[in-house]
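Hello,

Here is the structure we talked about. Please open it first, then read my notes below.

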Amino acid sequence: MSKKGQFLSNLLFLGVGNAVSKLTVFFLMPLYTAQLSPADFGTVDILINTAVLLLPLISLGAPEAVFRFMAGGAPAENVMAVGRRMLSVGLSLLLLILPLLSFFHVLRPYLVYLYFYVAASVLHSFLAHALRADGRYGVYALQQTFCTLLTVLLAVLFLRELSLGVKGYLLAVLLADAVTALLLASYLRSVKEWREATPSAELRRLMLRYAIPLIPTATLWWALSVSDRYFLLYYHGEAANGIYAAAAKLPALLTFAAGLFLEAWHFAAIKEKEEGRTALFERIYGALLPLLITLVAALILCARPLVSRIFSPGFADAALFVPFLAVSALFSALSSFLGSVYVVKLRSGASLTTAAVGVAVNLLLDIWWIPRLGTVGAVAATLFSYLAVFLWRAVHCKRVMPFALRVEKLTVATLLLLVTAALTVRGAWWWGIPTAVLSVLPFAHELLDSALTLLVYGKKILQKTTKKQKSS
């Protein structure tokens, strides 16, 4: 299969897995909002985001390092050996950190659940990254789908049938991750004869040099995405944070759309020869940009009916915040794509610097706006901080790997999307339809090209898999 066909094949597998995962979580929102009060949902949100903060520290960047070096051609046995040692250190570190979290009254009743939640998530991520690095995208999608469906079954059991509340939510996710991790470990052991290896000091040094900057980078991304929720919790309580957290679930569908590209894209970009990478980056960015803008426009217009049909009445105010959070998600996704330049070039330090810029902007605006404006201030701070990251990376990436970012078209589309969002929030969504359409029009040609490409390669994708999957 050609590289383009292989990329689209991987994209199809990831699309199926991610679609099941993200859309299932999306449609679970009625269950969550019915079984959890806004205050409980706010507590869950704080617990989950605390876990997200801990994950990069506990994993020590091992999943990402394993993916980058295995996909880059380093011996799998040696890479996995280094990764396992990194995880052992990280999980021991988690035991030392846990008592410190008891000082937070919101976390104190759930510390044991939090430990196993983080441990199961780290192990699952580590093994799933090994699957991707080995090119087994079909199995990767299958395990992702299995984990999601198991989460659904356990969520129904623990929340609706047993009424375990916050603990039930955590149990459903951690047990699904743990079972999936065990199955993945058995599968990898059966298909790969990875023996105990003694990796070279040079490989350990290179992997650690790549992985260590990813720890503060992930922490900064966490701060950028969720620090406003802690400010909301402090100044306005669990209920306000719960409404904001629920509103953020809808724009998460946009990051799902970007994830379809990015997970398959990283593998393709690493495998691509150096002389062809710039053209490949420009082509994939050109496909991603119009799709994201179209999804943002559609989500802005559909925000109110989606909230009213999916969330319980107590979460109705979430519709006020979805439109501008959708625009924020656009720049978050574009920034992540530009961050793949750093993955390919092994420039994790540059990724750290750009994330720090976004966090600085976000924290300053949070401190300034949230005490006075509440959730509105959190939404505005999120939008400006992701925009700052995108602009910084756009300038920096031109020096590392220059390719066309379609800045003029993106600027016009963004302004039109903001007008659409403002009209929707004010209840005049019918006036937002023309501006939403105008935001997409500059990219009509790219959308048509993307559709034609998928039609041409669709039959090939369904009939073939990657060479790796054929050999296995």
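**Where H6 meets H7**

On the H6 side of this contact sit His 124, Ala 128, Leu 131 and Arg 132. They meet Tyr 137, Val 139, Tyr 140, Gln 143 and Cys 147 of H7. By type, the residues of the contact divide into six nonpolar, two polar and one charged. Keep in mind that this is a predicted model.

How are the two helices arranged? H6 covers residues 111-133 and H7 covers residues 137-161. They pack at an angle of about 155°, and their axes lie 8 Å apart. H6 is therefore roughly antiparallel to H7, because an angle over 145 degrees counts as such. The crossing of H6 past H7 is left-handed.

**His 124**

This residue deserves its own look. His 124 lies in helix H6. Is His 124 buried or exposed? His 124 has 10% relative accessibility, so it counts as buried, the limit being under 20%.

What does the side chain of His 124 make a polar contact with? The partner is the side chain of Asp 177, at 2.7 Å. Leaving aside residues up to four places away in sequence, His 124 touches Gln 143, Cys 147, Asp 177, Thr 180, Ala 181 and Leu 184. Two of these names, Gln 143 and Cys 147, belong to the H7 side of the helix contact. Asp 177 is the polar partner just mentioned.

**Thr 435**

Now to another helix. Thr 435 lies in H17, which spans residues 429-440. Its relative accessible area is 14%, so Thr 435 is buried. The side chain of Thr 435 is joined to that of Thr 420 by a polar contact of 2.6 Å. Thr 420 also appears among the residues that Thr 435 touches, along with Leu 416, Val 419 and Leu 423. That list again leaves out residues up to four places away in sequence.

**The whole chain**

Last, the overall picture. How many helices and strands does the protein have? The protein has 19 helices and zero strands. It has 472 residues, and 57% of them count as buried. Now take the contacts between residues at least 6 apart in sequence. Of these, 84% join residues at least 24 apart.

If you want somewhere to begin, select His 124 and Asp 177 and find their side-chain polar contact. Then go to Thr 435 and Thr 420 for the other one described here.

Best wishes

Methods. Residues are numbered from 1 along each chain as its sequence is written. This is a predicted model: local features need pLDDT of at least 70, side-chain atom pairs count only at pLDDT 80 or more; totals for chains, interfaces and linings use all residues. Side-chain values use heavy atoms; hydrogens and water are left out. Axes are lines fitted to C-alpha atoms, for helices over the stretch in contact, and angles run from 0 to 180 degrees between N-to-C directions. Helices (H or I, at least four residues) and strands (E, at least two) are DSSP runs, numbered from the N terminus. Angles under 35 degrees count as roughly parallel, over 145 as roughly antiparallel, 65 to 115 as roughly perpendicular and the rest as oblique. A crossing is left-handed if the near helix is turned anticlockwise from the far one by less than a right angle, and right-handed if clockwise. Contact means heavy atoms within 4.5 Å. Ala, Val, Leu, Ile, Met, Phe, Trp, Tyr, Cys and Pro count as nonpolar, Asp, Glu, Lys and Arg as charged, and the others, Gly among them, as polar. Buried means under 20% relative accessible area, exposed over 50%, partly exposed in between (1.4 Å probe, protein chains only). A polar contact is a pair of N or O atoms within 3.5 Å; within protein, one must be able to donate a hydrogen and the other to accept it, and residues adjacent in sequence count only if both atoms are side-chain atoms.
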